[in-house]
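Let's take a walk through this model, starting with its strands and ending with its pockets.

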Amino acid sequence: MKPTADLWDELGDIATSCWTQFRQFGARSAFEGTITTVRCHHDNVILKSVLGEPGAGRVLVVDGGGSLERALMGDRIGDLAVSNGWKGIVINGAVRDSVALAPLGLGIKALGTNPQKSAKEGLGERDVDVHFGGCVFRPGDHLVSDHDGIIVIPA
């Protein structure tokens with residue numbers, strides 16, 4: 001995998017760079033894959049359902065509206081993602097169980113932590129364009145993430 005800075009230099013205006021400053025939570029600090037998306041606010045039922053599917057090298061991008069009020073993912077969902085072969089998860093929101101997430105062989109980026117769990121009403125959408133940090137994350141596009149940030153490359 002090429003570093004995001006090198007990819008940016010090669011691709012120029014073809015790629016977009018996400019300016020949101022995420023924290024790293026999983027053991028895989030660099031990851032890439034085809035984007036799948038979820039939009040949910042304080043409710044992780046759809047997120048868990050998607051991560052229960054075979055990851056097949058994909059990256060899940062979750063737009064939680066930037067909320068830190070409730071965690072959208074914890075250790076159980078992290079374990080589910082690893083067991084199903086997901087490469088990474090980017091959450092525009094919070095996670096919990098950060099100590100348990102740290103050794104997982106998964107790229108996990110989120111805004112922060114909160115021990116409060118999410119609601120379980122099944123509200124949200126999947127496979128929709130999500131927007132944050134100056135980027136549009138479209139299902140099927142390619143995401144590359146490392147210590148320098150995240151870039152999105154159109155399919």
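A quick word on terms: helices and strands here are DSSP runs, with at least four residues for a helix and at least two for a strand, numbered from the N terminus. Keep in mind that this is a predicted model.

With that in hand, find A94, which sits in strand 5. A94 is buried, with a relative accessible area of 0%. Leaving out neighbours within four places in sequence, A94 touches S67, L68, R70, A71, L72, M73, G112, T113 and N114. Its C-alpha atom is 5.7 Å from that of L111, although the two residues are 17 apart along the chain.

That brings us to strand 6, residues 107-113. Five of its seven residues are buried, so strand 6 is largely enclosed by the rest of the structure. Strand 5 (residues 88-95) runs parallel to strand 6 and is joined to it by six bridges. Strand 2 (residues 23-24) is antiparallel to strand 6, with two bridges between them. Look at K109 in strand 6: V90 stands opposite K109, and so does Q24.

K109 also turns up in the lining of the second largest pocket, along with Q24, F22 and H147, among others. This pocket has a volume of about 170 Å³, and strand 2 and strand 11 (149-153) each give its lining at least two residues. By class, the lining has three nonpolar, five polar and four charged residues.

Now for the largest pocket, at about 270 Å³. Of its 15 lining residues, N44, R76, I77, R96 and K120 are the closest to the centre. The lining counts seven charged, five nonpolar and three polar residues.

Methods
Residues numbered from 1 in each chain as written. Predicted model: local features only at pLDDT ≥ 70, side-chain atom pairs only at ≥ 80, totals over all residues. Heavy atoms only, no water. Buried < 20%, exposed > 50% of the residue type's maximum accessible area, 1.4 Å probe, protein only. Pairing = 2+ DSSP bridges. Contact = heavy atoms within 4.5 Å. 1 Å grid on protein atoms, 1.4 Å probe; cavity = no way out; pocket = protein on both sides within 12 Å on 5 of 7 lines; lining within 4 Å. Points joined across faces, edges and corners; volume = space filled by probe spheres on them. Nonpolar A, V, L, I, M, F, W, Y, C, P; charged D, E, K, R; others polar.
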